[in-house]
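Student: I would like to go through this chain piece by piece. Where should we begin?
Tutor: With confidence, then the sheets and the helix packing.

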Amino acid sequence: MKSELIVDVQPKEVSIALLEDGRLVSLQKESRTLAYAVGDIYLAKVKKLMPGLNAAFVNVGYEKDAFLHYLDLGPRFSSFAEFMKELPKGDSKAPMPQVQKLTFRPDIDKQGTVVDQLAKDQELLVQIVKEPISTKGPRLTTEISFTGRYMVLIPFSDKISISQKIRTGGEKSRLRHLVESIRPRNFGVIVRTSAEGKSVAELNHELKTLMKCWEDALENARRATAPALVFEEESRIVGVLRDIFSPDFENIYVNDAEIMGQIQKYVSLIAPEKKDIVKLYKKDEPIFDHFNITRQIKSSFGKTVSFKSGAYIIIEHTEALHVIDVNSGNRTKAGTDQENNALEVNLRAADEIARQLRLRDMGGIIVVDFIDMNKPEHRQALYEHMREVMANDRARHNILPLSKFGLMQITRQRVRPALDIITAESCPSCFGKGEVQPSLLFTDTLHQKLTYLVKDMKARDFVMYVHPFVDAYLKKGIISIYRRWRMELGARFKILPSQELAYLQYRVLDSERNEIDLKEEKDLDKSSSEKNKTKAKNRVNQE
């Protein structure tokens with residue numbers, strides 16, 4: 001199987017698509033200015049205690065107070081709280097307390113209450129474990145952790161855990177003894193699957209890097225006033241790549257030189273032999289269009305998704321859960337045996353549902369209404385097939401067998417909001433009013449925009465993206481409209497198709513791929529609108 005990673009870097013957002021044999025199986029979008037992301041550490045202040053919920057609302061600077069449950073305090077919270085009291089605030093010369101020298105206090109009671117451990121206005125170091133979703137603020141923990149490629153470092157702990165995916169008993173024993181020899185006192189370590197076969201030098205180097213992150217967070221907390229961000233990863237793109245990177249990747253294409261450098265540096269550290277797979281995409285055609293990702297996004301997202309021979313699934317999202325309905329549709333190759341036909345559709349639907357869960361990052365409770373099957377062996381075969389196709393899903397999940405109503409219940413780890421991409425295009429001309437400018441005159445609008453860019457804004461070497469149908473119309477014939485415009489304006493601009501755009505929509509990027517805002521051209525728009533109306537009337541009268 002050929003695996004490729006495509007990274008589309010835009011000014012405000014980075015999209016990362018995973019392709020397997022050219023088929024889109026995972027899509028992640030990360031804001032380049034995102035705050036309150038999973039893993040961020042804040043110096044926060046307790047705002048309100050809620051004994052009924054056995055939790056506290058904490059001010060981390062977000063518009064909604066964050067949620068900290070008693071069970072998320074961790075067993076060593078009493079030691080953690082004592083350490084925070086000793087942290088010198090604002091005094092850069094005072095010695096920093098050392099976790100290694102700390103004598104742990106007894107673990108807190110698992111059945112205890114939040115009012116026994118927290119007080120209003122108490123300052124804490126907290127980490128985001130779930131991003132803000134809908135009307136809810138972030139969810140927090142005081143069990144701080146720092147994630148690397150090979151291990152996770154946990155202050156105020158003394159446990160060493162080995163990934164269950166490492167099967168060999170000898171390798172588990174080797175890693176346990178190795179980590180035990182290099183880890184600092186009072187720091188726990190979770191050894192990740194990627195540490196298998198790694199040397200002590202590689203693990204020790206990463207451990208020191210993670211220790212430096214902890215020390216930097218404490219230093220920032222000493223100087224900060226709550227609420228304040230005290231630690232975040234250097235690059236969110238690298239953070240996302242760390243979780244999905246696989247040595248099986250054949251290519252990683254990036255359309256931004258700076259981000260490509262960050263990714264190449266990271267790949268060089270963890271897999272030096274793979275550093276050449278990171279490649280810079282230099283073409284003017286949008287990178288997602290070039291790799292046929294835009295078309296797959298438009299066909300894979302939305303309420304209805306077709307998957308084989310006319311069969312389709314309908315995906316609905318409610319406040320409490322996701323509901324998926326399987327339909328056989330107008331299948332052209334349906335067999336005469338209804339039972340076997342239902343089994344075939346359900347098995348293919350299970351493949352698509354497993355892909356959709358990863359693609360949309362759907363979490364929480366998912367209820368699937370499969371086509372009814374009467375034979376117990378068919379129902380069992382469907383259950384086992386669903387478990388098999390979801391085995392590669394990195395998110396924790398649990399699948400229950402079909403109920404007597406033919407429903408399958410799935411729970412899947414939800415850390416971020418589900419990726420919901422609206423595939424229906426809003427009209428860029430009327431914005432829902434129901435009346436649009438004559439499509440025949442859209443080329444006149446483009447010509448006026450180009451004239452404004454070249455003559456008034458003195459723009460050069462820019463690219464205008466239009467819908468593929470419009471692009472084909474502008475470039476048809478030997479002496480096309482596009483060629484005449486270039487000769488008339490005497491500028492080196494390009495017009496290229498973009499599958500992301502609606503029919504009467506356009507977008508302009510400069511030579512550095514920054515979008516040129518044409519909203520300032522209000523007076524020109526008004527005059528062009530009047531000219532268009534006059535031209536339309538004249539053409540009607542001539543006809």
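**Confidence first**

Tutor: This is a predicted model. Among the elements of the chain, strand 6 (residues 66-69) has the highest mean pLDDT, 94, and helix 13 (residues 522-542) has the lowest, 46.

Student: What is the mean pLDDT of the chain?
Tutor: Of the residues, 88% reach 70 or more. Two stretches fall below 50: residues 520-533 and residues 539-543. The mean for the chain is 84.

Student: How many contacts beyond near neighbours in sequence does the stretch 520-533 have in the model?
Tutor: The pLDDT there is below 50. Where pLDDT is low, predicted coordinates should not be read in detail. For residues 539-543 the count is 3. For residues 520-533 it is 12.

**The sheet of four strands**

Student: Which strands stand at the edges of the sheet ordered 9-10-12-11?
Tutor: This is an open sheet of 4 strands with mixed pairing. An edge strand here has a single partner strand, so one of its sides lacks a neighbour in the sheet. The edges are strand 9 (146-147) and strand 11 (160-162).

Student: In strand 10, what is the bridge partner of Thr147?
Tutor: Strand 9 pairs with strand 10 (residues 151-155) over 2 bridges. The sense is antiparallel. Thr147 has as its bridge partner Val152.

Student: Which strands of the sheet does helix 3 touch?
Tutor: Helix 3 packs on the sheet, and its direction makes about 40 degrees with that of strand 10. The strands touched are strand 9, strand 10 and strand 12.

Student: At what angle does helix 2 run to strand 11?
Tutor: Helix 2 lies across strand 11 and strand 12 (187-191). Its angle to strand 11 is about 150 degrees.

**Helix 2 with helix 3**

Student: Are helix 2 and helix 3 oblique or parallel to each other?
Tutor: Helix 2 (residues 169-182) and helix 3 (residues 200-223) have axes 10 Å apart. They pack at an angle of about 45 degrees. Their crossing is right-handed. At that angle, they are therefore oblique.

Student: How many residues of the contact of helix 2 with helix 3 are charged?
Tutor: Leu175, Leu178 and Ile182 of helix 2 meet Val200, Leu203, Asn204 and Leu207 of helix 3. By class, 6 are nonpolar and 1 is polar. The charged count is no residues.

**The sheet of three strands**

Student: Why is one side of strand 23 and of strand 24 left without a neighbour in the sheet?
Tutor: The open sheet has the order 23-22-24, with mixed pairing. Its twist averages 25 degrees from one strand to the next. Strand 23 (494-497) and strand 24 (506-509) stand at the edges, so each has a single partner strand.

Student: In strand 23, which residue is the bridge partner of Tyr465?
Tutor: Strand 22 (residues 463-466) pairs with strand 23 in the parallel sense. There are 4 bridges. The partner of Tyr465 is Leu496.

**Helix 10 with helix 12**

Student: Is helix 10 roughly parallel or antiparallel to helix 12?
Tutor: The axes of helix 10 (residues 442-456) and helix 12 (residues 481-489) come within 11 Å. They cross at roughly 30 degrees. Angles under 35 degrees count as roughly parallel. Helix 10 is therefore roughly parallel to helix 12.

Student: How many charged residues are in the contact of helix 10 with helix 12?
Tutor: Helix 10 contributes residues including Leu446, His447 and Lys455. Helix 12 brings Trp485, Glu488 and Leu489. The contact has 5 nonpolar and 3 polar residues. The charged residues number 2.

How values were computed. Residues numbered from 1 in each chain as written. Predicted model: local features only at pLDDT ≥ 70, side-chain atom pairs only at ≥ 80, totals over all residues. Heavy atoms only, no water. Axes fitted to C-alpha atoms, helices over the stretch in contact; angles between N-to-C directions. Parallel < 35°, antiparallel > 145°, perpendicular 65-115°, else oblique. Left-handed = near helix turned anticlockwise from the far one by under 90°. Contact = heavy atoms within 4.5 Å. Nonpolar A, V, L, I, M, F, W, Y, C, P; charged D, E, K, R; others polar. Pairing = 2+ DSSP bridges. pLDDT = per-residue confidence, 0-100.
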